[in-house]
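This report looks at how the parts of one protein meet, and at what surrounds its ligand. The sequence and the structure come before the discussion.

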Amino acid sequence: MPAYTLPSPVTRPALEPKTAWLISSGDLREAPNRSGWPIQERMEAELARVFGDLGWNIRRANPVDPATGHGFISSQRMGLEVFTAIPEEAPLIVAEAVWQYSHHVLAGLRTHRGPILTVANFEGDAPGLVGLLGLNGGLTKMGKPYSSIWSVDFTDEWFLDGIRSWVETGSIAHDDSHVHPLPPLPATDEVALGRALAAQLTADKAIFGVFDEGCMGMYNAIIDDELMNPLGIYKERLSQSALWAEMQTVSEDDARGVLDWLLEHGMTFAFGSDEATELTERQVLLQARMYIALLRIADDFGLDAIGIQYQQGLKDICPASDLAEGIVNNAERPPVRSRDGSRVLWEGLPVPLANEADEGVAIDALITHRVWQAMGLDSANTLHDVRWGEEFDGTFVWVFEISGSVPPSHFAEGYAGATGWRQNPMYFPLGGSTIKGVSKAGEVVWSRVYIQDARLHVDLGRGSAIDLPAEETERRWQATNPEWPIMHAVLHGVTRDQFMARHKANHAQLVYAPDAETADRALTAKAAMFDALGVTVHLIGDARIAS
Ligand SMILES: C[C@H](O)[C@@H](O)[C@@H](O)C(=O)CO
């Protein structure tokens with residue numbers, strides 16, 4: 001008789017032939033899950049049809065919960081339980097129509113032994129594509145093999161061929177002919193600059209101040225110290241509660257001074273009176289406090305870059321961080337003095353900013369800032385969500401649209417092109433102003449830092465932000481989130497599907513250069529800096545090293 005009753009894992013159901021299991025990771029917040037459920041149901045019906053045509057069944061691992069009215073996995077615990085209903089060897093579809101918190105499903109996916117397919121609807125109305133890309137980045141970081149595919153209406157041949165390949169072989173191959181290794185670097189001033197900046201960073205080091213690490217389940221956006229420190233970048237782990245406490249010490253006069261400055265510089269706000277659904281002056285004044293508090297804490301800790309997660313925790317305490325983040329990340333902004341009044345903090349300089357505490361962004365923002373400053377360029381750079389896109393006049397134009405703010409220098413009219421709309425009550429119960437506007441036409445360098453095979457990599461590309469007719473901009477806004485800033489981006493030498501298949505994050509990083517030749521030179525210096533820091537550089541599409 002053994003002395004103990006030995007525990008054993010829950011018994012999983014048996015595999016069934018020609019059957020794929022299906023799960024969907026959701027938001028932690030119930031409102032977006034409820035709102036996205038009809039879109040998810042439509043997608044799942046299309047998937048059932050496509051698999052059915054191939055003689056396959058799809059079995060949903062968890063039913064719709066009558067209490068919530070949706071079938072999303074809405075917590076890590078729920079994810080663990082749902083996975084006990086999935087055979088470990090089963091073909092598994094992760095279907096995403098909403099923004100999702102990857103950690104809800106990553107534990108189950110990590111030990112899953114069957115083929116994994118991530119799928120999204122290529123639609124703007126809910127950020128399912130954004131969720132898909134975040135999840136793909138997480139699986140890549142984990143070293144977990146997966147296939148991925150997307151479709152506008154689930155009838156196109158490319159999609160059907162992909163699904164056929166997955167059911168027959170367990171994988172889908174995508175075209176990566178647009179990805180090029182970094183060639184030997186020429187002896188140019190830009191390469192010398194990039195290498196010198198890398199040597200300075202590793203020798204003198206820099207600090208990234210992160211107000212609560214790990215935003216919205218974005219496992220892909222947590223860069224371990226072991227990978228970040230060799231670049232010379234060290235984390236200062238700060239708390240969002242310290243930010244809230246510091247906000248209480250800011251005087252009402254100082255907060256009002258920030259709002260007055262913004263109004264004097266042409267920013268407009270869509271003010272209303274209902275706190276629950278409209279933007280109010282009270283919300284903006286709290287955001288002004290956050291802006292001042294952020295710079296003072298950055299000064300106290302000698303930070304070189306900042307990130308705030310906001311969308312967990314702080315969202316239940318105060319209005320959105322976006323207004324503070326957008327202006328802190330802009331060279332021209334309301335002056336903030338040190339506590340003793342002797343210095344204007346970061347005068348004339350953007351503070352490199354990692355929205356949503358995305359640490360791939362933190363590295364990129366800091367490096368971009370240093371390269372662009374050294375070249376005498378506006379270094380204000382920002383992430384955007386890779387939200388959606390459609391052709392316009394025969395060219396595929398991406399909707400890059402981050403959920404709140406960009407530096408106002410990204411707008412043609414600067415602050416005068418910025419309007420403050422109330423953040424969406426569905427995600428941001430306590431409101432706060434966004435910085436809404438259209439990113440100006442111009443040459444851009446885009447990038448993404450990510451983890452693959454336990455190493456840091458960066459994809460570097462070139463693109464153009466373009467102007468679209470006002471009615472097309474409005475159509476794209478209405479099809480997505482009209483309160484958020486938008487960039488109409490054309491990526492050079494990369495098709496929609498090449499980009500989707502390759503990109504390892506929900507975010508892409510964007511920075512302007514005054515013309516194409518300068519953009520190529522700045523990209524070259526940035527590539528040289530990353531390379532000298534030991535990051536594997538990939539040139540995407542038409543990106544090239546300037547000689
Ligand atoms: C409001 C939403 O949670 C967004 O913040 C989300 O879609 C993202 O921005 C993900 O990058």
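## The domain interface and the ligand surroundings

Across the interface of domain 1 and domain 2, the rule finds zero salt bridges. The model is a predicted one, and the two domains in question span residues 19-169 for domain 1 and residues 189-540 for domain 2.

The C-alpha centres of domain 1 and domain 2 are 29 Å apart, and the contact draws 33 residues from domain 1 and 31 residues from domain 2. Between them the two domains bury about 2800 Å², and carbon and sulfur atoms account for 64% of that area. On the side of domain 1, Arg29, Leu133 and Lys141 supply 27% of the area buried against domain 2, which is more than any other three residues supply.

What does the rule for polar contacts find across the interface of domain 1 and domain 2? Nine residue pairs are in polar contact there, both residues of each pair being at pLDDT 80 or more. The elements giving two or more residues to the side of domain 1 that touches domain 2 are α1 (30-53), α3 (103-111) and α4 (128-142), and of these α4 gives the most, with ten residues. Sorted by character, the residues on this side of domain 1 divide into 18 nonpolar, nine polar and six charged.

Arg29, already named for its share of the area that domain 1 buries against domain 2, is also among the residues that come nearest to the ligand. Around the ligand there are 14 residues, of which Arg29, Gln311, Glu356, Asp385 and His507 come nearest. For three side chains, the distance from an N or O atom to an oxygen atom of the ligand is listed below.

| Side chain | Distance to a ligand oxygen atom |
|---|---|
| Arg29 | 2.6 Å |
| Asp385 | 2.7 Å |
| His507 | 2.8 Å |

Although the rule finds zero salt bridges across the interface of domain 1 and domain 2, a search of the whole structure finds 37. Side chains of opposite charge can pair when their charged atoms come close. One example is the salt bridge in which the side chains of Glu281 and Arg256 meet, with an N to O distance of 2.9 Å. This pair links distant parts of the chain, since Glu281 lies in helix α10 (residues 281-301) and Arg256 in helix α9 (residues 252-264), 25 residues apart.

Key: Residues are numbered from 1 along each chain as its sequence is written. This is a predicted model: local features need pLDDT of at least 70, side-chain atom pairs count only at pLDDT 80 or more; totals for chains, interfaces and linings use all residues. Side-chain values use heavy atoms; hydrogens and water are left out. Domain bounds come from an automatic or database domain assignment. Contact means heavy atoms within 4.5 Å. Buried area is the accessible area (1.4 Å probe) that two parts lose on being put together, summed over both. A salt bridge is a side-chain nitrogen of Lys or Arg within 4 Å of a carboxyl oxygen of Asp or Glu. A polar contact is a pair of N or O atoms within 3.5 Å; within protein, one must be able to donate a hydrogen and the other to accept it, and residues adjacent in sequence count only if both atoms are side-chain atoms. Helices (H or I, at least four residues) and strands (E, at least two) are DSSP runs, numbered from the N terminus. Ala, Val, Leu, Ile, Met, Phe, Trp, Tyr, Cys and Pro count as nonpolar, Asp, Glu, Lys and Arg as charged, and the others, Gly among them, as polar. A residue is near a molecule or strand if one of its heavy atoms lies within 4 Å of it.
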